[in-house]
Amino acid sequence: MDWLVNAGLGHDRKASPALHRTYSTAKRRHKVQITDDPAIVSELLQNVRNRWFPDSEGRGETIHMSDIDHCITKVFWERSNATNQGPTDEQALQWLIGSIFEMMVTGAVSHVAEEPRVYEGVVYTPDYYSDALQRPAELKSTRMYYVPALGQPKYGWPEGWIRRTKGYAKALGVTEFNLAVLFLIPSKLVGKLIRFTQDEVDEFWAEFLAPRRDALKEAFEQELPPHPFSYNDSWECTKCPWQVACQAKLLDKTTYIPRKTHSDTKYLERADSLST
């Protein structure tokens, strides 16, 4: 501590009581009023949206891999609603953390990011490609708790992460994919190697991603939402801002597009059955 005190960067009560008293007195001299100012928060969050989501209102009918590995009905509402102003505050903050992590570990701070690619009508951009390992990688940051003894987060690996890497694997023509995860509390960077069989990659694309791509494309063309409450994992409806809209549409089958296939439902995390 002495070197911190001498440098003016800290203090040690026992070693320097006089200095401690001076600091305490100085703190009491400040008659400061500190109040909330949401204006600065709004400005900073808008800067995040402008930087990371320049096309949030102009994404149009382009279908991304990230659109079809979760609820496509929600994607339809977000994309087609005239009042949509891009990501919510919570989404912007979550994506900000992940984007900073990605920038730092990929060198994107000083290098041009890789251009998006297209596979069978679906746009995708892998987070990283290791020249040394000759493998693509998905980069994630999370507040989940990692359990070293289990080799995974406390409640297992998120299904969405597996879906995304499997979709990328099909598009890139590979069966091995790295997953690098930054666990925030406590700070720990974990690397995993995911191995798929070619059959499961092909099956996943044919049964899950391709039908959802087609359903979302049809929804955009007809300007009607995909079948409400059927393309989602059960937990996705919790706090979803479009839940009321889905409930309203479900009362009249002419106001949404019914499912044409149920091949994707076996991959969903649901307690009910949608096979019929």
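The following dialogue discusses how to read the fold, core and surface of a predicted model.

Colleague: Which helices and strands should I look for in the chain?

Modeller: Begin with the elements along the chain. In this predicted model, there are nine helices and eight strands.

Colleague: How many of the residues in the chain are buried?

Modeller: The chain has 276 residues, and 37% of them are buried. As for contacts with a separation of 6 or more, 67% are between residues 24 or more positions apart.

Colleague: Which residues have the most contacts inside the largest nonpolar core?

Modeller: A core is read from its members and then from the elements that supply them. Here the largest nonpolar core has 39 residues, and M65, I68, W205, L209 and L216 have the most contacts inside it. At least two residues each come from helices 4, 5, 7 and 8 and from strands 2, 7 and 8. Helix 8 gives the most, with 10 residues.

Colleague: Which residues does L216 touch, leaving aside those up to four places away in sequence?

Modeller: L216 touches I63, D67, I68, I72, V75 and F76. Of the elements that supply the core, helix 4 spans 65-68 and helix 5 spans 72-80.

Colleague: Turning to the surface, which residues make a nonpolar patch?

Modeller: I40, V41 and L44 make a nonpolar surface patch of about 260 Å². L44 lies in helix 3, which covers residues 38-52.

Colleague: Why does L44 count as partly exposed?

Modeller: The class follows from relative accessibility, where partly exposed lies between the cut-offs of 20% and 50%. L44 is partly exposed because its relative accessibility is 48%.

Colleague: What is the accessible surface of the chain?

Modeller: The accessible surface comes to about 17,200 Å², and carbon and sulfur atoms account for 54% of it.

Key:
Residues numbered from 1 in each chain as written. Predicted model: local features only at pLDDT ≥ 70, side-chain atom pairs only at ≥ 80, totals over all residues. Heavy atoms only, no water. Helix = DSSP H or I, 4+ residues; strand = E, 2+ residues; numbered from the N terminus. Buried < 20%, exposed > 50% of the residue type's maximum accessible area, 1.4 Å probe, protein only. Contact = heavy atoms within 4.5 Å. Areas by Shrake-Rupley, 256 points an atom, 1.4 Å probe, with all protein chains shown as cover. Core = buried A, V, L, I, M, F, W, Y, C linked by side-chain atoms within 4.5 Å. Patch = residues over 30% accessible without salt bridge, like charges linked within 9 Å, V, L, I, M, F, W, Y side chains within 5 Å. Salt bridge = Lys/Arg side-chain N within 4 Å of Asp/Glu carboxyl O.
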